[in-house]
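Hi,

Here is the model I mentioned, for you to open in your viewer. My notes on the aromatic rings follow below.

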Amino acid sequence: MDALLDSINVRELLSAQDLSDPTAPLSAPDLRLLIQRLDSHSLKIKSKVQSYLLSHHHDFADLFSLCNDAVSRSQTISDDVAHLLASLSDRPVEAEIGQIMKQMSSATKEAREKRELLELVGAILEISEKLKAAREAVRSGRLRFAAEQVRELKNALRVCGDDVVDEGEPVVYGLLRKEWSDCFDEIQEVLMRFMDNAVRFEGETNRIRVKYVLSIDGNDGIELKTVLEALDVVGVLNYGLAKVADLIIKHVISPALNFGAPVSFVTEINPDSQAMTEGILKIVPSNDPKIEKMDGEAIYSRIIEVIKFINKYICFQEGSWSRCFGRLTWPRISELIISKFLSKVVPQDASKLADFLKIINCTSEFETALREMKFISVSENKDNQLSSFAENVEVHFASKKKTEILGRARNLLLQCDFAISQENTRRKGKHDGAAANNPEDVDLLFLSERCVVSKAAIQLMKLVHETLKDVCLSSPRVALEFYRAARDALLLYEVVIPVKLERQLGGINQVPVLMHNDCLYLSQEVLGLAFEYRSDFPTSMKEHAVFVDMAPRFHLMAEEILQRQIQLVVRSLREALDGADGFQNTHQMQQFQSAKFSIDQVVFILEKVHIIWEPLLLPSTYKKSMCTVLESFFSRITKDILLLDDMAAEETLELQRLIHLMLENLTSLLESLAALQIEKSQEGMTYLDDLIPSLRKIRKLAELLDMPLKAITNAWETGELLNSGFTSSEVEDFIKAIFQDSPLRKDCLWRIHGNF
């Protein structure tokens, strides 16, 4: 058998000559020979295999039989194992026991649920019966029992203020709560009707009547105390007493504090043979002179009489009921006492503060009496409004005075018309005796100058000085309020006057100038207040009382008003000059008249400004402001003329005539400025042209209009034109506009350009 498994060597199947060249390919005959020999060799192998199997048949049969037995035994073992596993898992006794346990558990759970359900049904029935009993008790007049049932059911049903519903609770609970709410509303409505019937104000007899035995809808003989107990049990006592509290405030407390028609109170009791049936508080007119004079002891005694009536005949001296009634009424009572009595007797003068001590003592005793009756709380500070107000009378006095000071400041600012008589509009010299006697002509503390201000500013500072004098004589608390009042009074000028005079601020008139002077005056005055009064201020205020912070804001306000006026004047001048159409073609009659009219308008505006500004503004301020306006005006005219690109000979003469006419009309204005400048110059020299550069320039321009070309060139070369403010380009353009093109003009232009 091993020989069959040997490999076949192909080379042995070929002839010897075929093996001479191993790389040579086989021919077709060789391949056919090779196939035949392979077939023959295969047949031999098959024959050998067959003969081997036949010779070992018995051995192969035993082998196959042994294998078959092994397979059978393994199948048997598998069946036995499967049977064993089945017998282990299928235990009928334990399964039955487990099933029985499950059934018992399910039955127990079902029984427990049924028991709980029965208990719930029982509780629901009990609650329903109690609700029904409560309603029956309300209808039969057993109010205390009904109230207790409602309170008990509220806890059982877990009724709270919100409407949040637990998703897991039974729906029937929501229905029971709804039924409880209806029952609660019913008993509350009945109790409120009893209260409305129990305490009433009878307008015909002007009295409060309290009935102790009540009857409503067939429920007779219900006592007021029972009604109050039911309200307290239900938890709506404050709601039940609210209307009574309003009635007492309106018809008793308010008349008691009406000093124009003083009243007193009389208590009447009408008991029957066994018990008291009603209590009456009569309100009768009073002739007690102490009440008319606002005597604190008499006023408080009347109110205590009312509180005693409430405590005894309405609250039955029950501390919790009296406290509830006090919570409802005391805030309003204390407010009425403060507004109608205490605030009215606050001293008007600091010297009378000591007299107020008696009222402070009466107020303290009044609150003590109310605490003893448990009408107000012993521990809560909010119930001490009266004593707190009375003890802080200094603050109230100062607050009242502060309000009065600010009211006076506001009134004097609103009533001042900012008008100045004609005789006061002339310049007041330093040595003018009339100026010194004129109250509107004031000294500026830190400028050594005088200016005219409005009556409002003078009266305002007078009020501030009066207030600061009171600061020096007052206690620290009062002094602090007076100090704040003085500051606020000054700030009122900044708030009131610009709004009041808004229309006048938009025009050229005396009002903006006076406002400028007022602000300048106030800025100077506030700087001196601390130096004048701080040494006499209370010690606690000396480091904190300042006024210097207010000076810059008034100074800035003055500057803003002045600049607004300057811009308004400049804008008016520009609008007037716009009508000149750039001073073109002035050699034509119509254009000349138009330009002359514009110049006349400008002169008129400047004279108006001169008349308004010079008598009122400080000389230095007037000079600076007027020079600013003139500089803007002269520079505009000079610019318009220099922009002309072609001028005829006649046109130059007309332009020169217009300039001379303008300067002639402004002579008085320029002389006034020059006079101010001479006063300021120790050498007696004026340099007005330095303050108004365009004035020198326009004067030189008038000369240039009729100067020959060579003279113009020489003026440039000598620096005369440059000193007058001309530039080389302006001179060149001016020459080109006046003189025709020629070798001389070219030479002059070259000299001007080269010299530059």
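Let me begin with Phe547, which counts as buried at 1% relative accessibility. Keep in mind that this is a predicted model.

Phe547 has a partner in Tyr483, also buried, with a relative accessible area of 8%. Their ring centres are 5.5 Å apart and the planes sit at 80 degrees, so this pair is edge-to-face. It links distant parts of the chain: Tyr483 is in helix α16 (residues 476–500), while Phe547 is in the loop between α18 (510–533) and α19 (551–578), 64 residues apart.

In total I have eight aromatic pairs for you. Another one worth a look is Tyr300 with Phe366: the centres are 4.6 Å apart and the planes are at 15 degrees, so these rings are stacked. This pair, too, links distant parts of the chain, with Tyr300 in helix α9 (residues 296–314) and Phe366 in helix α11 (residues 357–372), 66 residues apart. Tyr300 is buried at 3% relative accessible area, and Phe366 is buried at 2%.

If you zoom out from that pair, which residues form one aromatic cluster? Tyr300 and Phe366 are joined there by Trp330 and Phe341.

One last item, this time with a charge: Lys697 lies over the face of Phe726, 5.4 Å from the ring centre.

Cheers

Technical notes. Residues numbered from 1 in each chain as written. Predicted model: local features only at pLDDT ≥ 70, side-chain atom pairs only at ≥ 80, totals over all residues. Heavy atoms only, no water. Phe/Tyr/Trp six-rings, centres within 6.5 Å; stacked < 30°, edge-to-face > 60°. Helix = DSSP H or I, 4+ residues; strand = E, 2+ residues; numbered from the N terminus. Buried < 20%, exposed > 50% of the residue type's maximum accessible area, 1.4 Å probe, protein only. Lys NZ or Arg CZ within 6 Å of the ring centre and 35° of its normal.
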